[in-house]
There are 2 protein chains.
Amino acid sequence: MAAPSSTSLWPEADEEQCRQVLQILSLIGDKWTILVIGQLRDRTLRFGELHRAVTGISQRMLTRTLRQLERDGLVTRTVHASVPPRVDYTLTELGMTLLDSLTALSRWAIGHRQEIIDHRHRYDTVQPSQARS
Amino acid sequence: MAAPSSTSLWPEADEEQCRQVLQILSLIGDKWTILVIGQLRDRTLRFGELHRAVTGISQRMLTRTLRQLERDGLVTRTVHASVPPRVDYTLTELGMTLLDSLTALSRWAIGHRQEIIDHRHRYDTVQPSQARS
DNA sequence: CAGTATCCGGGCGGATACTG
DNA sequence: CAGTATCCGCCCGGATACTG
């Protein structure tokens, strides 16, 4: 029970815990999820608005991403029976708490991005540059 | 400049910021990275030890994962020129700060995992169950 | 022991065409 | 407008065999 470390990684960090974190990370670690929930963080958007807001995403991928978010309970999907159909997407409470929990990681990402890019570049130029084709 | 929200998601959260977060998330959102750095969080391990510690990982994937972590500057690789070769892997300072920044997300993951699983199950049973093969 | 080389299946994700 | 259906290339990741 004794608090294991002062810098406080997550408690225990045994394999079991790691796998649980991994499960969640896999939900949002794909190519588009973060971009989508980022757009929904403080407003409701329709399908088309999201499509325009997230540059480069295809209809297919936007649909898949939203379906998964809905399935996991992070986003609600509301269909309005109007003549041109209208579907609204909103973050749930759960989705908002996730975004909250991403704050620290986001700061880290923004703060250390350049450092990582630099390190990577150095690594690449120093290596024997085996043709990894 | 005014602080945008009291619950504090990450500041701004425009597409640019989101993409930077995504870049980092992609580094650790894959199948094995979290498990590997989780094992390294408070100790140095050799290749074989890691291989045994992370259940189910193949040699190939462990090597790839470690190479990427090394390339990004999150892990150091130390080769000891001994008769049976020995290679040690350790988290760098940068790697440790990443683990720190993962704390909130880890707590969220552990705390809401069951909730997500339940929601998912409900979604699956209610849906028309279109054969998605 | 600590890798590399090769082969391979499956799934992610893009492009395009079609629909209620 | 908000999707679905289909096709397809690419890369992730597992299995196996080989090496300094």
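Q: Which residue of chain A comes closest to the rotation axis?
A: This is a predicted model, in which local features need pLDDT of at least 70, side-chain atom pairs count only at pLDDT 80 or more, and totals for chains, interfaces and linings use all residues. Residues are numbered from 1 along each chain as its sequence is written, chains are lettered from A and ligands numbered from 1 in the order in which they are written, and side-chain values use heavy atoms, with hydrogens and water left out. The C-alpha distance to the axis is 2.3 Å. The residue is A:G29.

Q: What kind of axis relates chain A to chain B?
A: Copies are superposed by least squares on the C-alpha atoms of residues with pLDDT of at least 70 in both. A rotation of 180° with 0.0 Å of shift along its axis puts chain A on chain B, with an RMSD of 0.1 Å. That relation is a two-fold axis.

Q: Which strands lie at the edges of the open sheet in chain B?
A: Strands (E, at least two residues) and helices (H or I, at least four) are DSSP runs, numbered from the N terminus. Two strands pair if DSSP finds at least two bridges between them. The sheet has 3 strands in the order β1-β3-β2, with antiparallel pairing. Each edge strand pairs on one side only, and these strands are β1 (45–46) and β2 (75–80) of chain B.

Q: Which residue of β3(B) stands opposite B:T78?
A: Strands of a sheet pair through backbone hydrogen bonds, either parallel or antiparallel. Here β2(B) and β3(B) run antiparallel, joined by 6 bridges. Opposite B:T78 stands B:D88.

Q: Which element supplies the largest share of the surface near DNA strand C?
A: A residue is near a strand if one of its heavy atoms lies within 4 Å of it. DNA strand C is surrounded by 20 residues, with A:R60, B:G48, B:Q59, B:R77 and B:Y89 the closest. Sugar and phosphate make up 58% of the strand's atoms that come within 4 Å of the protein. The largest share, 4 residues, comes from α4(B).

Q: How far from a phosphate oxygen of DNA strand C is a polar side-chain atom of B:Y89?
A: A polar contact is a pair of N or O atoms within 3.5 Å; within protein, one must be able to donate a hydrogen and the other to accept it, and residues adjacent in sequence count only if both atoms are side-chain atoms. B:R46 places a polar side-chain atom 3.0 Å from a phosphate oxygen of the strand. For B:V87, a polar backbone atom is 3.5 Å from one. For B:Y89, the distance is 2.7 Å.

Q: How many charged residues does the surface near DNA strand C have?
A: Asp, Glu, Lys and Arg count as charged; Ala, Val, Leu, Ile, Met, Phe, Trp, Tyr, Cys and Pro as nonpolar; the others, Gly among them, as polar. The surface has 7 nonpolar and 4 polar residues. Its charged residues number 9.

Q: What is the volume of the largest cavity?
A: On a 1 Å grid over the protein atoms alone, a cavity is a set of points where a 1.4 Å probe fits but cannot get out; a pocket is an open set with protein on both sides within 12 Å along at least five of seven lines, and lining residues have an atom within 4 Å of a point. Points are joined across faces, edges and corners, and a volume is the space filled by probe spheres set on them. The lining includes B:L27, B:Q68 and B:L74. The volume is about 40 Å³.

Q: Which element gives the largest share of the lining of the second largest pocket?
A: This pocket has a volume of about 190 Å³. Among its lining residues are A:W32, A:M61 and A:R64. The largest share, 5 residues, comes from α4(A).
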